[in-house]
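Please work through the following exercises with the sequence and the model side by side, attempting each task before reading its solution.

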Amino acid sequence: MRLENKIAIITGGGSGIGLSCARLFCQEGAKVVIFGRRQDRLENAVREIGDNSLAVSGDITRQEDIKKLVETTLNTYGRIDILVNSAGIFTGTPLHEMKDDEWDTALDINMNGVFKLTREVLPPMIRQKSGSIVNISSILGLVAAPGTSAYNVSKGALNQFSRSLAVEYGVSGIRSNAICPGLIATEMTQELMDDEDLMREWRKNYPIGRFGQPEDVAQACLFLASDESSFITGANIPVDGGYTAL
Ligand SMILES: NC(=O)c1ccc[n+]([C@@H]2O[C@H](COP(=O)([O-])OP(=O)(O)OC[C@H]3O[C@@H](n4cnc5c(N)ncnc54)[C@H](O)[C@@H]3O)[C@@H](O)[C@H]2O)c1
C-alpha cells in the first residue's frame, strides 16, 4: 500500500484524470475526498470507489465552496496529506477573437481556483509538517499551441505556481510538483479524438505512437503523492509519450 492512511483531496474527481487518480489512490490505501461541480458524477464515483471516498460538490472559483471542501475533509479525517488539483477546462479561440469572459474563465478555473484552494490547504499541511501537492498542468504549459492562448497561459502560470510553492514551503515539509500531460482520452478531448484525420496527423508528434489514458497520468500522480518521491519537488514532469522531447 503506497498511500496507506493518507488523506487526499482530488478536484475534478468525478471524471477523467481526477477520477482515475481517486480510484488508484484508494486502491493504494488512501481516503479520498473528491470535489467537482456535477453532483451526479461525484455520486457515481463514490458508489464505484466505496467507503474510503467522500464527495463534496462545488465550484473551484467560489471561495465558500472551497472552504466547505477543506472543512469537510478536516472534520471527517482530521488532516490533509495530498492535494491533487485536476479540475480544469480547455478553451480554444484565436487570441484576436477572444472575449474577456473566455480569457477570465480559463484563468479563474485553471489557475486562480488552484491558488485559492491551495491557500486553504497549506495551513493544515504546515501544522503537520508534511504534504504533497500535485498540479495537473499540461504540455501546453511547457510549449505553446496556436489558438489556445488562454489555456497555454493558465497552464504555464500553474507550472510556475507549482515551483513557487516548492521553494516557499519545502522548509515546512511540503512538496509541490506539476504533471504536464499530452493528449489524454477523456471527456475533455472526446470531440477532438473523434476526428480520425486530425488524430492521424497528431499521432506523428507522439514518439511512443499513441495518445495517453487517464491511468497513465494517475500512475505519475501516485508516485508524486507518495513518499517514494520524497526528494522530488518543484518539477514540471511531462507525461506525454515524448511529445515535448521531439
Ligand atoms: N485530457 C487531456 O488531454 C489533458 C491534457 C493535459 C492536461 N489536462 C488537464 O487535466 C485536468 C483534468 O482534465 P480531464 O482530461 O480529466 O477532463 P475532464 O473534463 O474529465 O475533467 C475536468 C474536471 O474538472 C471539473 N471542473 C471544471 N471546472 C470546474 C470548476 N469550476 N469547479 C470544479 N470543478 C470543475 C469538471 O467537472 C471535470 O470533472 C485538467 O486540468 C486539464 O486541463 C488534460
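The exercises below go from the sheet to its buried strands, then to the ligand shell and two backbone details.

This is a predicted model, in which local features need pLDDT of at least 70 and side-chain atom pairs count only at pLDDT 80 or more, while totals for chains, interfaces and linings use all residues. Residues are numbered from 1 along each chain as its sequence is written.

**Exercise 1.** Determine the order of the strands in the open sheet, and explain why one side of β3 and of β7 is left without a neighbour.

Solution. Begin with the terms: helices (H or I, at least four residues) and strands (E, at least two) are DSSP runs, numbered from the N terminus, and two strands pair if DSSP finds at least two bridges between them. Tracing the pairs gives seven strands in the order β3-β2-β1-β4-β5-β6-β7, with parallel pairing. Since β3 (53-57) and β7 (236-239) stand at the edges and each has a single partner strand, one side of each lacks a neighbour in the sheet. From one strand to the next the twist averages 20 degrees, where axes are lines fitted to C-alpha atoms, for helices over the stretch in contact, and angles run from 0 to 180 degrees between N-to-C directions.

At the β7 edge, the partner is β6 (residues 174-181), joined in the parallel sense over four bridges, and P238 in β7 is the bridge partner of C180. Helix α2 (residues 39-49) packs on the sheet, where it touches β2 (31-36) and β3, and its direction makes about 175 degrees with that of β3; contact here requires C-beta atoms, placed from the backbone, within 7 Å.

**Exercise 2.** Decide whether each face of β5 is covered or open, and then describe the surroundings of I179.

Solution. A residue is buried if 20 or more other C-beta atoms lie within 10 Å of its own, exposed if 12 or fewer, and partly exposed in between, with C-beta atoms placed from the backbone. By this count six of the six residues of β5 are buried, with G131, I133 and N135 on one side and S132, V134 and I136 on the other. β5 also pairs with β4 (residues 82-85) in the parallel sense over four bridges, and L83 stands opposite I133.

Next, I179 lies in strand β6 and counts as buried because it has 25 C-beta neighbours inside 10 Å. Leaving aside residues up to four places away in sequence, its contacts include V134 and I136, as well as I237 and V239.

**Exercise 3.** Characterise the shell around the ligand by its nearest residues, its classes and its main contributing helix.

Solution. A residue is near if its C-beta atom, placed from the backbone, lies within 6 Å of the molecule. Of the 28 residues around the ligand, G12, G16, G88, T186 and M188 come nearest. Sorted by class, there are eleven nonpolar, 13 polar and four charged residues, where Ala, Val, Leu, Ile, Met, Phe, Trp, Tyr, Cys and Pro count as nonpolar, Asp, Glu, Lys and Arg as charged, and the others, Gly among them, as polar. Helix α1 (residues 16-27) gives the most to this shell, with three residues.

**Exercise 4.** Locate N5 and K129, and state whether each is buried or exposed.

Solution. N5, in the segment before β1 (7-11), has a positive phi of about 65 degrees although it is not a glycine, and it is exposed because it has 11 C-beta neighbours inside 10 Å. K129, in the loop between α4 (100-128) and β5 (131-136), has a phi near 60 degrees, and with 10 other C-beta atoms within 10 Å K129 is likewise exposed.

Notes: Two residues are in contact if their C-beta atoms, placed from the backbone, lie within 7 Å.
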